[in-house]
Structure formats: C-alpha cells, structure tokens
Amino acid sequence: MVGRGRTSDLHIRTVRYPSAMQRFDGKIAWVTGSTRGIGRAIALRLARDGADLALHGRSADGPSRRLAEELADEIRGLGRRAVCVAADIARKDEVAAAVEQIEAGLGGLDFLILNAARAPFKDTTRLLERDLRLLVDTNLLGHLFCVQKALPLLERGGGRIVFISSLGSRYMNAQYPLGPIKAAMEAMVRQWSEELRPQGIEANAVCAGLVKTDSYKTLRRLWPELAALPEEAYVTPEEVADVTAFLCSDEARAIGGQTLIVDRGLSNRILRSP
Ligand SMILES: NC(=O)c1ccc[n+]([C@@H]2O[C@H](COP(=O)([O-])OP(=O)(O)OC[C@H]3O[C@@H](n4cnc5c(N)ncnc54)[C@H](OP(=O)(O)O)[C@@H]3O)[C@@H](O)[C@H]2O)c1
C-alpha cells in the first residue's frame, strides 16, 4: 500500500508490492503542464506505475489539446484512466473548474505535480509590468491556486505535492527571472510541508538541471555557452520523472519540505574549470 508509514514501524518496513500490482494502483495524479516536456514524462512514469492521470495544458485547443489527447490515449493503452483538462493556472476560476473536472472524471486526487511554467526571458530590471504579472501570476500564484483548489481532494487520503524547480533557484542566470521565483517556491514547499502535514499531505520539490525540452531551445539562444556542455551534463525528462515518482511513493515517506537536486552533478562541479 502507498501511504504514510506509522512511526512505530518506520525502521523495519520493507515495501513490497504483489507482482501483479503496481505501486500507484488506485492513485490519481494531476500533472500540471503535461502536454509536453518534463510534465509529459512524469505523467507517463506515474501511469506506468499504476496511477490514473489528469493531463493538463494551458490552451483548450490547438497543438496543446492534441498533444494531451494523444498522451491520454497512450495512458489508456497502459490500462489506466486519463482525462484532459485545460486551464491557465494563473486564473483561479480556471483552476477551480479544472479541479471540478478531475473530480468528476476520476473521482479524487492523490498526487499534485506542480510542473507548469511560463516566463519571460529578460533581465529583471527590464521586465515590463505585463512581464512581471505573467511571471508572478503563473509561477507563484498559479501553483498556490492549484494547491488551494486541490486541497479538499488531496486531504481525503494522504496526498503528495511535488513542485518542479530549476537550478535558477540557487544560481544566478542572466535573463532568467524565473530563478528567484523558483527559490520562493522552494520556500513555499517547506511552508506547505509543515502547514499541510496535519491534513496528511506532504510536499517536496525536484530541482532539475538542464533538460532538452521546448523551453531549452530558448535557453540555448540566450546562453550560447551551453553548446560547450557535454551530453552527459543534461538530465533526461525521464530522470526527473523517476525522482518525482519516488517522492510520491511510500519509500519517500520520511522526506518532507525538501528539494532534491537532479542535475547529474552539474551544480556540484560548476566552479571547476573545463
Ligand atoms: N527544460 C529545462 O531545462 C528545465 C530545467 C529545470 C526545470 N525545469 C522546469 O520543469 C518544468 C517543465 O519544463 P519544460 O521544459 O518541460 O516545459 P515546456 O516544455 O515549456 O512545457 C510547459 C508546459 O506547461 C504548460 N503551461 C505553461 N504555462 C501554463 C499556464 N499558465 N497554465 C497551465 N499550463 C501552462 C504548457 O502547456 P501548453 O502546451 O498549453 O502551452 C506545457 O504543457 C517547468 O517548471 C520548468 O521550469 C525545466
């Protein structure tokens, strides 16, 4: 069973799943921003481990919708349930409607993966008011809206929240104002861990290194020096997904309010000359 361990047996438990059973059988996950990139990989990982999935993107139509529907078909092919919801997380009313659709379609929610992100790439001092609002409304308030609206479902049965952060939370990168907001969110995760523990909910974060997704194409234009990095410096979406799934699992029951760095050691050797 996946869930919180009792303190009395923490040291002697070995988690075993019957061979026909997956570790997330019966669990329901919402991965925000799962039309592509890291979110897509997380959704697939959780589905392969037995979870039913709420897939999500910002746009209700166009390529985003098509990608979500294709992923839903793939997940149904694995024998899991999947629903697609569209909502701009910066809009509280849209988030509320998405949560209603998830409850109607899947019947609850156990894992909330806060993965969606959308941000301007400019120095902070050059951000226009509309850039600032996009940055904060999506990447700070948006995640708070998701947690607030999902809370009544998450607290029914020992929910898990995992926030997807980036190395910008701890290292300055020019034209990456999302970095300081990721730092604020890592602090928010520590806050949620304490605030929500009485409701049986745990929160943690995964801080990913460089991952070759759509957003990486923009980073490569801004930071041409990335071209000099060897292939092994890059993390795959699947590697981020594996650690995210671990944080949802019973094996991670003693981890709370933490950010696990998943960067193939890139930040560890950042000051070493090439
Ligand atoms: N790529 C990297 O190198 C890297 C490194 C570290 C951390 N991360 C983090 O990992 C996460 C995923 O990154 P990624 O590179 O996979 O992103 P991506 O390929 O750009 O995909 C972003 C996803 O978020 C959705 N989204 C964007 N704005 C949204 C909004 N306002 N409301 C709802 N959904 C929204 C998009 O939906 P649509 O399809 O509808 O636009 C899409 O599904 C982000 O939090 C990012 O900061 C990325």
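Visitor: What makes an oxygen atom of the ligand and an N or O atom in the side chain of Lys182 a polar contact?

Guide: The two atoms are 2.9 Å apart, and a polar contact is a pair of N or O atoms within 3.5 Å, so this pair qualifies. The structure is a predicted model, in which local features need pLDDT of at least 70 and side-chain atom pairs count only at pLDDT 80 or more, while totals for chains, interfaces and linings use all residues. Residues are numbered from 1 along each chain as its sequence is written, and side-chain values use heavy atoms, with hydrogens and water left out.

Visitor: Which other residues have a polar atom at such a distance from an oxygen atom of the ligand?

Guide: For Val211 the partner is a polar backbone atom, 2.9 Å from a ligand oxygen. For Thr213 it is an N or O atom of the side chain, at 2.4 Å. The protein covers 93% of the 910 Å² of accessible area that the ligand has on its own (Shrake-Rupley method, 1.4 Å probe).

Visitor: How many residues surround the ligand, and which are the closest?

Guide: The shell holds 31 residues, each with a heavy atom within 4 Å of the ligand. Thr35, Ser64, Asn115, Thr213 and Ser215 are the closest. At least two residues each come from H1, strand S2 (52–57), strand S5 (160–166), helix H5 (178–196) and helix H6 (214–222); the names refer to DSSP runs numbered from the N terminus (helices H or I, at least four residues; strands E, at least two). S5 gives the most, with three residues. By class the shell has 10 nonpolar, 15 polar and six charged residues.

Visitor: Why is Leu114 called buried?

Guide: Its relative accessible area is 0%. Buried means under 20%, exposed over 50% and partly exposed in between (1.4 Å probe, protein chains only), so Leu114 is buried. Leu114 lies in strand S4 (residues 111–114). Its C-alpha is 9.9 Å from that of Ser34, although the two residues are 80 apart in sequence.

Visitor: Why does Gln175 count as partly exposed?

Guide: Gln175 has 24% relative accessibility, a value between the two limits, and therefore counts as partly exposed. Gln175 is found in the loop between S5 and H5, and its phi is near 60 degrees. Most residues other than glycine have a negative phi. Arg264 also has a positive phi, of about 55 degrees; this residue follows strand S7 (259–262) and is partly exposed at 42%.

Visitor: What makes a space in the structure a cavity?

Guide: On a 1 Å grid over the protein atoms alone, a cavity is a set of points where a 1.4 Å probe fits but cannot get out. The search finds two cavities of 30 Å³ or more, and the largest has a volume of about 40 Å³. Among the residues that line this largest cavity are Thr35, His56, Ser64 and Cys84. S2, helix H2 (62–77) and strand S3 (82–86) each give two or more residues to its lining.

Visitor: What is the volume of the second largest pocket, and which helix gives the most to its lining?

Guide: A pocket is an open set of grid points with protein on both sides within 12 Å along at least five of seven lines, and lining residues have an atom within 4 Å of a point. The second largest pocket has a volume of about 150 Å³. H1 gives the most to its lining, with six residues. Helix H7 (237–248) supplies at least two. Arg36, Arg40, Glu238 and Asp242 are among the lining residues.

Key: Grid points are joined across faces, edges and corners, and a volume is the space filled by probe spheres set on the points. A polar contact is a pair of N or O atoms within 3.5 Å; within protein, one must be able to donate a hydrogen and the other to accept it, and residues adjacent in sequence count only if both atoms are side-chain atoms. Ala, Val, Leu, Ile, Met, Phe, Trp, Tyr, Cys and Pro count as nonpolar, Asp, Glu, Lys and Arg as charged, and the others, Gly among them, as polar.
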